Amino acid sequence: RLASDVDVSGRAEVSVKIEPSLQFSSRGAYHSGVLAGSGPLPPKVGQETIYTLTWSFANTLNDAVNVEVRAGVPPYARFTGVKAPAGEDVRFDDVKSEVVWSVSRVRAGAGIREAAREVSFQLGITPSADQVGNAPVLIFGTSAEGRYEFTSNVIRTTSDDLSTDLLKFDSAMKQGDTRVVQ
């Protein structure tokens, strides 16, 4: 004898939440990109050189929401306020000395079926004499955090520090352009 609340039809319902992949990248350039760099190249002691940094998201299956990217800025660097697209929420946090990008939503398919969610901004560095021969750091400790809308799972990812050695990102840059000179 079967109880009346037992389904014997052989059907079952399963709800599966697939964790998508949000990919973050950070790169820099002087010659290439949507914003042109300026100032001496190689960077010179006491003179400002402006570089363009680009942060980008690609996303496969599920919208990511309330995403925030943060990166530390060294004391010899300056956030210029120049950014593209102009409508992106990129700002400098004076208290923490960080560049912050707040992204309300990275849509599923970004960087795959449609353009990646991306922002470029500029930092200027003014090297000191103790940096001669080195490739100074532009940003460090870059991290992105948000959550997937469907699963509510938290997303955290990091990216490598970027220095003035941007040879792998800027094909017009030469080896001698990367290190501070007197």
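**Strands, loops and contacts in a predicted model**

Colleague: Which polar partner does the side chain of Thr 49 have, and at what distance?

Modeller: In this predicted model, a polar atom of the Thr 49 side chain pairs with the backbone oxygen of Pro 40. Pro 40 is also among the residues that Thr 49 touches, along with Ser 38, Gly 39 and Pro 43. The separation between the polar atom and the backbone oxygen of Pro 40 is 2.6 Å.

Colleague: Is Thr 49 buried or exposed?

Modeller: Thr 49 lies in strand β2. Its contacts include Tyr 30, Leu 123, Gly 124 and Ile 125. Buried means under 20% relative accessible area. Thr 49 has a relative accessible area of 0%, so the residue is buried.

Colleague: What is the strand order in the open sheet of 4 strands?

Modeller: The pairing in this sheet is antiparallel. The edge strands, each pairing on one side only, are β1 (22-29) and β4 (77-84). From one strand to the next the twist averages 25°. The order is β1-β2-β7-β4.

Colleague: Which residue in β2 stands opposite Gln 23?

Modeller: Strands β1 and β2 pair in the antiparallel sense over 8 bridges. Opposite Gln 23, the residue in β2 is Ala 58.

Colleague: How is Gly 111 classed by accessibility?

Modeller: Gly 111 belongs to the loop between β6 (98-106) and β7 (117-125). Leaving out residues up to four places away in sequence, Gly 111 touches Ala 58 and Ala 116. The C-alpha atoms of Gly 111 and Gln 23 are 9.2 Å apart, although 88 residues separate the two along the chain. The relative accessibility of Gly 111 is 40%, so the class is partly exposed.

Colleague: Which backbone nitrogen does the side chain of Asp 63 reach?

Modeller: Asp 63 sits in the loop between β2 (49-59) and β3 (64-72). Beyond its neighbours within four places in sequence, Asp 63 contacts Arg 105, Val 106, Arg 107, Ala 108, Arg 147, Tyr 148 and Glu 149. At 2.7 Å, its side chain reaches the backbone nitrogen of Ala 108.

Colleague: Which residue in the hairpin of β8 and β9 takes a positive phi?

Modeller: Strands β8 (residues 137-148) and β9 (residues 154-158) pair in the antiparallel sense over 5 bridges. Within that pairing, Ser 143 has Thr 158 in β9 as its bridge partner. The hairpin has 5 residues between the strands. The residue with a positive phi, near 65°, is Ser 152.

Technical notes. Residues numbered from 1 in each chain as written. Predicted model: local features only at pLDDT ≥ 70, side-chain atom pairs only at ≥ 80, totals over all residues. Heavy atoms only, no water. Helix = DSSP H or I, 4+ residues; strand = E, 2+ residues; numbered from the N terminus. Polar contact = N/O pair within 3.5 Å; in protein donor to acceptor, adjacent residues only side chain to side chain. Contact = heavy atoms within 4.5 Å. Buried < 20%, exposed > 50% of the residue type's maximum accessible area, 1.4 Å probe, protein only. Pairing = 2+ DSSP bridges. Axes fitted to C-alpha atoms, helices over the stretch in contact; angles between N-to-C directions.
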